[in-house]
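Take a look at the protein below. This short report walks through its fold one part at a time.

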Amino acid sequence: MKNFKSGFVTLIGRPNVGKSTLMNQLIGQKIAITSDKPQTTRNRIQTIVTREEGQIVFIDTPGIHTPKHKLGEYMVSVAEKTLREVDVVLWLIEPDKTIGKGDKYVLEQLKKTKTPVFLIINKIDTLPKEEIFDVINKYKDQYDFKEIIPISALRGENTDDLIKILLKYLPEGPQFFPEDMITDQPERHLVAELIREKALRSLSQEIPHGIAVVIDKMKNRENSDIIDIDATIICEKDSHKRIIIGKQGSMLKKIGSQARGEIEGLLGTKVFMQLWVKIKKDWRDSDFLIKNFGYDQ
Ligand code: GDP
Ligand code: K
Ligand code: MG
């Protein structure tokens with residue numbers, strides 16, 4: 001097609017600013033899990049938005065932050081490398097008026113790259129309109145932002161405009177992915193992530209960072225529409241295992257039934273799921289296990 005534009009856009013920003021929520025909003029479907037816990041997103045997820053004028057491939061990176069263990073280091077290095085390789089960087093912030101230590105660190109990283117940066121002020125549904133200007137004023141002199149766009153990822157406010165403006169900044173290029181494709185994530189991985197999301201949301205603060213989910217089996221049952229899924233939640237300690245299972249298996253049951261509902265929606269078919277819990281001590285410091293769990297893409 002004539003003048004078709006295409007390119008890559010990355011989202012950076014503090015944990016919990018709403019990066020995954022924005023991705024899901026832009027494609028109208030949940031492929032990136034969200035929660036109120038930091039570091040929910042561990043690997044690069046490509047989300048694809050295709051319009052008549054062009055195609056944008058979004059890369060949902062893990063947050064830029066000071067690493068505490070190997071998985072953390074891996075997550076930071078992915079985010080920083082991505083900044084240099086994309087056509088536009090979206091820096092998402094929450095509408096608070098102070099520029100914190102973490103923001104300063106991000107600004108330093110941005111100064112190292114020549115890639116155009118948009119400042120995206122998310123969650124504008126949480127404050128009165130006139131206060132948005134205060135936020136803009138605070139940030140606008142910190143960096144040569146190409147655009148400053150207030151949005152609500154949750155409610156879809158200004159998100160269409162964001163797409164239109166982004167397309168202006170992309171070079172002419174090929175359509176990288178088929179127009180009906182919205183993500184590069186394999187179904188198995190999406191299923192594992194949905195289970196992890198339900199666990200993150202149900203468990204207390206100290207456990208979630210130490211869990212991973214592995215799909216042991218995902219198969220169509222013969223002569224029926226049912227998909228059988230066996231999955232294992234990996235945790236780091238025996239005490240965690242007991243909490244994840246809960247009294248007479250009640251916690252595991254809750255996680256399982258919440259996840260199953262969404263997985264059925266995702267796959268468009270009935271699902272029969274069995275969940276297991278296993279301990280793998282210190283898995284977050286093992287390169288082998290990080291790769292094995294699919295968090296290294
Ligand atoms: P991420 O860590 O940057 O990927 O953040 P998430 O997308 O997981 O979102 C973190 C939390 O912020 C979730 O509870 C979201 O529902 C919430 N959130 C995201 N965007 C908005 C928004 O525009 N408005 C409001 N009120 N909440 C939002
Ligand atoms: K999060
Ligand atoms: Mg996220």
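The text that follows goes from the whole chain to its strands, its cores and its second sheet.

## The whole protein

This is a predicted model. The protein has 9 helices and 9 strands. Of its 297 residues, 36% are buried. Now take the contacts with a separation of 6 or more. Residues 24 or more positions apart account for 69% of them.

## Strands β4, β5 and β6

Start with strand β5, residues 117–121. It is mostly covered, with 4 of its 5 residues buried. Strand β5 pairs with strand β4, and it also pairs with strand β6, as the table shows.

The table lists pairs of strands from across the structure.

| Strand pair | Sense | Bridges |
|---|---|---|
| β4 (residues 88–93) and β5 | parallel | 5 bridges |
| β5 (residues 117–121) and β6 (residues 147–150) | parallel | 4 bridges |
| β7 (residues 212–220) and β8 (residues 227–235) | antiparallel | 8 bridges |
| β8 and β9 | parallel | 9 bridges |

Some partners can be named. Leu 92 has Ile 120 in β5 as its bridge partner. Ile 121 stands opposite Pro 150 in β6. What links β5 to β6 in the unit they form? Helix α4, residues 129–140, does: together the three make a right-handed β-α-β unit.

In a regular strand the side chains alternate between the two faces of the sheet. Keep that in mind when you follow a strand residue by residue.

Ile 93 is a good residue to pick out. It lies in strand β4. Is Ile 93 buried or exposed? A residue is buried if 20 or more other C-beta atoms lie within 10 Å of its own. Ile 93 has 21 C-beta neighbours inside 10 Å, so it counts as buried.

Which residues does Ile 93 touch, leaving out those up to four places away in sequence? They are Gly 13, Val 17, Asp 103, Leu 119, Ile 121 and Asn 122. Ile 93 and Gly 18 are 75 residues apart in sequence. In space, their C-alpha atoms are 8.5 Å apart.

## The nonpolar cores

The largest nonpolar core has 34 residues. Those with the most contacts inside it are Val 9, Phe 58, Val 89, Leu 90, Trp 91, Leu 92 and Ile 120. Several elements each supply at least two residues of this core: β1 (5–12), α1 (19–27), β3 (54–60), β4, α3 (101–111), β5 and α5 (159–169). Strand β4 gives the largest share, 6 residues.

Look at Phe 58 in particular. Beyond its neighbours within four places in sequence, Phe 58 is in contact with Val 9, Leu 11, Met 23, Leu 26, Gln 46, Thr 47 and Val 49. Apart from this core lies another one, of 25 residues. Among its residues are Val 191, Ile 227, Ala 231 and Ile 244.

Helix α1 deserves its own stop. Why is α1 largely enclosed by the rest of the structure? The reason is that 7 of its 9 residues are buried. These are Lys 19, Ser 20, Leu 22, Met 23, Asn 24, Gln 25 and Leu 26. After α1 comes Gly 28, with a positive phi near 70 degrees.

An α-helix has 3.6 residues a turn, so residues three or four places apart point the same way.

## The sheet of β7, β8 and β9

Now move to an open sheet of 3 strands. Its order is β7-β8-β9, and its pairing is mixed. Strands β7 and β9 (271–279) stand at the edges. Each has a single partner strand, so one side of each is left without a neighbour in the sheet. From one strand to the next, the twist averages 15 degrees.

Strands β7 and β8 form a hairpin with 6 residues between them. In the turn, Asn 223 has a positive phi of about 55 degrees. Within this pair, Lys 217 stands opposite Asp 230 in β8. On the other side of β8, the bridge partner of Ile 227 in β9 is Val 271. Ile 227 is also one of the residues of the 25-residue core.

Two helices lie across β8 and β9. Helix α7, residues 238–245, runs at about 155 degrees to β9. Helix α8, residues 250–267, runs at about 135 degrees to β9.

Terms used. Residues are numbered from 1 along each chain as its sequence is written. Chains are lettered from A and ligands numbered from 1 in the order in which they are written. This is a predicted model: local features need pLDDT of at least 70, side-chain atom pairs count only at pLDDT 80 or more; totals for chains, interfaces and linings use all residues. Two strands pair if DSSP finds at least two bridges between them. A crossover is right-handed if, with the strands pointing away from the viewer, the path from the first strand over the helix to the second runs clockwise. A residue is buried if 20 or more other C-beta atoms lie within 10 Å of its own, exposed if 12 or fewer, and partly exposed in between; C-beta atoms are placed from the backbone. Two residues are in contact if their C-beta atoms, placed from the backbone, lie within 7 Å. A nonpolar core is a set of buried Ala, Val, Leu, Ile, Met, Phe, Trp, Tyr and Cys residues joined through C-beta atoms within 7 Å. Axes are lines fitted to C-alpha atoms, for helices over the stretch in contact, and angles run from 0 to 180 degrees between N-to-C directions.
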